[in-house]
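Please walk me through this protein model, piece by piece. Short sentences will do.

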Amino acid sequence: MPLWTIHHTPGTFAEAEKRELATRIADHYEQVGLPRFYVVTLFQEVRPENFYVGGESTPVGVRITIDHIARRNPDQASRRRTAQWIRSMLQPQLERLPGLHWEFHADETSEDLWMINGLVPPPGGSDAEKDWAKRNSTFAY
């Protein structure tokens with residue numbers, strides 16, 4: 001499961017921009033073989049008086065944490081490609097905001113600690129996972 005939590009100051013994203021970004025994120029993961037419903041994107045608005053960078057209140061900021069559970073990058077080169085992909089997805093939308101401080105990081109955690117609707121997801125690339133992707137939902141396998 002990719003979980004994207006996007007902390008941002010007010011006015012950073014219009015509703016249509018949130019929907020567009022969440023769709024682009026889900027599209028990417030679907031293209032690399034994950035069931036679309038694995039992808040969760042949360043937008044969390046944080047007032048500037050609650051958003052600090054280097055001990056200073058930040059009037060315009062975005063901080064994104066990404067949890068990768070369904071798949072892991074096998075080596076440094078693939079982790080770098082993933083970081084570059086994330087940057088390329090975010091940069092055009094975020095660079096339009098003057099003075100914006102933005103950053104992200106991605107964690108890769110154990111799939112052993114993950115369930116959806118109380119089910120352990122099928123192994124990556126398995127026929128059962130492909131069926132989940134086709135139906136865009138969970139079911140016992």
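Asn117 is exposed, with a relative accessible area of 66%. The cut-off explains the label: over 50% counts as exposed, so Asn117 qualifies. This asparagine lies in the loop between strand 6 (101-108) and helix 3. Its phi is near 50 degrees, a positive value in a residue other than glycine. Keep in mind that the whole model is predicted.

Asn136 also has a positive phi, of about 55 degrees, although it is not a glycine. Asn136 is found in the segment after helix 3. At 39% relative accessibility, Asn136 counts as partly exposed.

The table sets out four residues by place and accessibility.

| Residue | Location | Relative accessibility | Class |
|---|---|---|---|
| Asn117 | loop between strand 6 and helix 3 | 66% | exposed |
| Asn136 | segment after helix 3 | 39% | partly exposed |
| Pro48 | loop between strand 2 and strand 3 | 26% | partly exposed |
| Gln93 | helix 2 | 9% | buried |

**Helix 3**

Which residues of helix 3 are buried? In this helix, residues 127-135, they are Ala128, Glu129 and Trp132. Seen down the helix axis, these buried residues fall within an arc of 100 degrees, so they line one face of helix 3. A general rule fits here: an α-helix has 3.6 residues a turn, so residues three or four places apart point the same way. The face of helix 3 turned away from the buried side carries the exposed residues Asp127 and Lys134. Asn136, with its positive phi, follows the helix.

**The sheet**

Now turn to the strands. Four of them form an open sheet in the order 2-1-5-6, with mixed pairing. Strand 2 (40-45) and strand 6 are the edge strands, and each pairs on one side only. On average, neighbouring strands of this sheet are turned by 15 degrees against each other, direction ignored.

Helix 2 packs on the sheet. This helix touches strand 1, strand 5 and strand 6. The direction of helix 2 makes about 150 degrees with that of strand 6.

Are strand 5 and strand 6 parallel or antiparallel? They run parallel, and eight bridges join them. Two pairs can be picked out by name. Asp67 has Asp107 in strand 6 as its bridge partner. His68 stands opposite Glu108 in strand 6.

Strand 1 and strand 5 pair in the antiparallel sense, over seven bridges. Here Trp4 has Ile66 in strand 5 as its bridge partner.

**The core**

Which residues touch the most other members of the largest nonpolar core? They are Trp4 and Tyr29, in a core of 28 residues. Strand 1 (2-8), helix 1 (15-31), strand 5 (61-68) and helix 2 (76-94) are the elements that give two or more residues to this core. Helix 2 supplies the largest share, five residues. There is a wider trend behind such cores: in soluble globular proteins, nonpolar side chains tend to be buried together.

Trp4 deserves a second look. Residues up to four places away in sequence are not counted here. On that basis, Trp4 touches Ile25, Tyr29, Val40, Thr41 and Leu42, among others. The list of its contacts also includes Ile64, Thr65, Ile66, Trp85, Ile86 and Leu90. So Trp4 appears twice in this account: as a bridge partner of Ile66, and as one of the residues that touch the most other core members.

**Two more residues**

Pro48 is found in the loop between strand 2 and strand 3 (52-53). At 26% relative accessibility, Pro48 counts as partly exposed. What does this proline touch, leaving aside neighbours within four places in sequence? Pro48 is in contact with Thr9, Pro10, Ser57, Thr58 and Pro59. Pro48 and Thr9 are 39 residues apart in sequence. In space, they are 6.0 Å apart, C-alpha to C-alpha.

Gln93 is found in helix 2. Under 20% counts as buried, so Gln93, at 9% relative accessibility, is buried. Leaving aside neighbours within four places in sequence, Gln93 is in contact with Phe13, Glu17, Leu21 and Arg24.

**The chain as a whole**

Over residues 1-136 the chain is 33% helix and 24% strand. The end C-alpha atoms are 13 Å apart. An unreviewed UniProt entry places the feature "domain: Tautomerase cis-CaaD-like" at residues 1-136.

Methods
Residues numbered from 1 in each chain as written. Predicted model: local features only at pLDDT ≥ 70, side-chain atom pairs only at ≥ 80, totals over all residues. Heavy atoms only, no water. Buried < 20%, exposed > 50% of the residue type's maximum accessible area, 1.4 Å probe, protein only. Helix = DSSP H or I, 4+ residues; strand = E, 2+ residues; numbered from the N terminus. Arc of directions from axis to C-beta. Core = buried A, V, L, I, M, F, W, Y, C linked by side-chain atoms within 4.5 Å. Contact = heavy atoms within 4.5 Å. UniProt positions renumbered as here; feature names shortened; annotations may be inferred. Pairing = 2+ DSSP bridges. Axes fitted to C-alpha atoms, helices over the stretch in contact; angles between N-to-C directions.
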